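Biologist: Before I plan around this protein, I would like to go through the structure with you, one question at a time. Could you show it first?

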Amino acid sequence: MGHGSSGPPTTAPAPAPRGTLRERIDRLVGEAMKFGAVGGAGLLVNLLVFNLVRQVTDLQVVRASVIATVVAIIFNYVGFRYFTYRDRDKSRRTREMTLFLLFSAVGLVIENGVLYTATYGFGWDSPLQSNIFKFFGIAVATLFRFWSYRTWVFRALPVREPATRGAPSDGSRATQRVP
């Protein structure tokens with residue numbers, strides 16, 4: 001406003017920020033905790049299936065691990081879609097599923113690549129060693145999966161800015177000439 005004027009300001013107020021840094025960190029921490037809860041349950045499914053397949057079949061270690069990883073991927077998709085990312089965009093489910101499977105396949109290669117290297121590269125193939133490297137492979141792949149799922153698969157809905165009183169609804173700035 002000009003000196004002594006009683007009219008409206010010459011420019012529209014600055015748009016409200018998306019959220020403070022603290023709010024954004026809190027949302028990320030909450031998301032990571034939900035991701036961790038689903039991932040922790042998926043980890044148990046993965047390790048239980050892995051050890052069960054190794055006990056009841058004669059499959060090689062990495063093949064048993066791939067089966068366990070696929071079962072865990074299916075389990076995790078349900079948990080991520082309906083718990084962790086239930087508030088995210090659901091309009092393009094085919095795209096979401098395709099990207100989820102693509103990034104899960106990359107995670108499967110990372111996870112089982114670690115196990116393969118330990119087993120066939122270093123000869124560490126006792127049940128304890130296999131479980132340790134299976135777990136380590138899951139941990140490395142989880143970092144990739146968290147980034148890729150939140151960035152590409154379960155996309156956030158656009159933030160809607162609240163309308164301000166007196167502001168034009170078309171998004172243009174109102175200006176007033178002050179003599």
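Biologist: Which residues does Ser104 touch, not counting residues up to four places away in sequence?
Modeller: This is a predicted model, and in it Ser104 sits within helix α3, which covers residues 93–121. Leaving aside residues up to four places away in sequence, the residues that Ser104 touches are Ile73, Arg145 and Tyr149.

Biologist: Is Ser104 buried or exposed, and which side chain does its own side chain join in a polar contact?
Modeller: Ser104 has a relative accessibility of 1%, and because buried means under 20%, Ser104 counts as buried. Its side chain takes part in a polar contact of 2.7 Å, and the partner is the side chain of Tyr149.

Biologist: How far apart are the end C-alpha atoms of α3?
Modeller: Helix α3 has 29 residues, and at 1.5 Å a residue these should span 42 Å. The distance in the model agrees with that expectation, the end C-alpha atoms being 40 Å apart.

Biologist: Which residue just after α3 takes a positive phi?
Modeller: The place to look is just after the helix, where a phi of about 75° is found. The residue with this positive phi is Gly123.

Biologist: What pattern does the protein chain follow along the sequence?
Modeller: The protein chain has four helices and zero strands. Read along the sequence, the pattern is therefore written with helices alone, as α-α-α-α.

Biologist: Of the contacts in the protein chain with a separation of 6 or more, what percentage comes from residues 24 or more positions apart?
Modeller: The protein chain has 179 residues, of which 27% count as buried. Among contacts with a separation of 6 or more, the part that comes from residues 24 or more positions apart is 76%.

Biologist: How many salt bridges are there in the whole structure, and what are the relative accessible areas of Arg150 and Glu31?
Modeller: A search of the whole structure gives seven salt bridges, and one of them pairs Arg150 with Glu31, whose closest N and O atoms are 2.9 Å apart. Arg150 belongs to helix α4 (residues 127–153) and Glu31 to helix α1, so this pair ties together parts that are 119 residues apart in sequence. The relative accessible area of Arg150, which is partly exposed, is 30%, whereas that of Glu31, which is buried, is 9%.

Biologist: Which helices hold Glu96 and Arg81?
Modeller: The side chains of Glu96 and Arg81 meet in a salt bridge of 2.4 Å, N to O. The pair ties together parts that are 15 residues apart in sequence, because Glu96 lies in helix α3 and Arg81 in helix α2 (residues 61–84). Both residues are buried, and the helices asked for are α3 for Glu96 and α2 for Arg81.

Biologist: Where do Arg93 and Glu96 lie, and which residues are joined into one network by salt bridges that share partners?
Modeller: The side chains of Arg93 and Glu96 meet in a salt bridge of 3.7 Å, N to O. Arg93 is partly exposed at 30% relative accessible area, while Glu96 is buried at 2%. Both lie in helix α3, three residues apart, about one turn of the helix. As for the network made by salt bridges that share partners, its members are Glu31, Arg88 and Arg150.

Biologist: Which residues does Val49 touch, not counting residues up to four places away in sequence?
Modeller: Val49 is found in helix α1, and its C-alpha atom is 8.3 Å from that of Ser65, a residue 16 places away in sequence. With residues up to four places away left out, Val49 touches Ala68 and Val71.

Biologist: Which side chain joins that of Ser130 in a polar contact?
Modeller: Ser130 lies in helix α4 and counts as buried, its relative accessibility being 0%. Outside the residues up to four places away in sequence, Ser130 touches Phe50, Arg54, Val61, Leu115 and Asp125. The polar contact has a length of 3.4 Å, and the side chain that joins Ser130 there is that of Arg54.

Biologist: What accessible area do Leu21, Ile25, Val29 and Met33 have together?
Modeller: Leu21 lies in helix α1 (residues 21–56) and is exposed, with a relative accessible area of 61%. Leu21, Ile25, Val29 and Met33 form a nonpolar patch on the surface, and their accessible area together is about 410 Å².

Technical notes:
Residues are numbered from 1 along each chain as its sequence is written. This is a predicted model: local features need pLDDT of at least 70, side-chain atom pairs count only at pLDDT 80 or more; totals for chains, interfaces and linings use all residues. Side-chain values use heavy atoms; hydrogens and water are left out. Helices (H or I, at least four residues) and strands (E, at least two) are DSSP runs, numbered from the N terminus. Buried means under 20% relative accessible area, exposed over 50%, partly exposed in between (1.4 Å probe, protein chains only). A polar contact is a pair of N or O atoms within 3.5 Å; within protein, one must be able to donate a hydrogen and the other to accept it, and residues adjacent in sequence count only if both atoms are side-chain atoms. Contact means heavy atoms within 4.5 Å. Patches are made of residues with over 30% relative accessible area and no salt bridge: like charges are joined within 9 Å, nonpolar side chains (Val, Leu, Ile, Met, Phe, Trp, Tyr) within 5 Å. Accessible areas come from the Shrake-Rupley method with a 1.4 Å probe; for residues, only the protein chains shown count as cover. A salt bridge is a side-chain nitrogen of Lys or Arg within 4 Å of a carboxyl oxygen of Asp or Glu. The expected span of a helix is 1.5 Å times one less than its number of residues.
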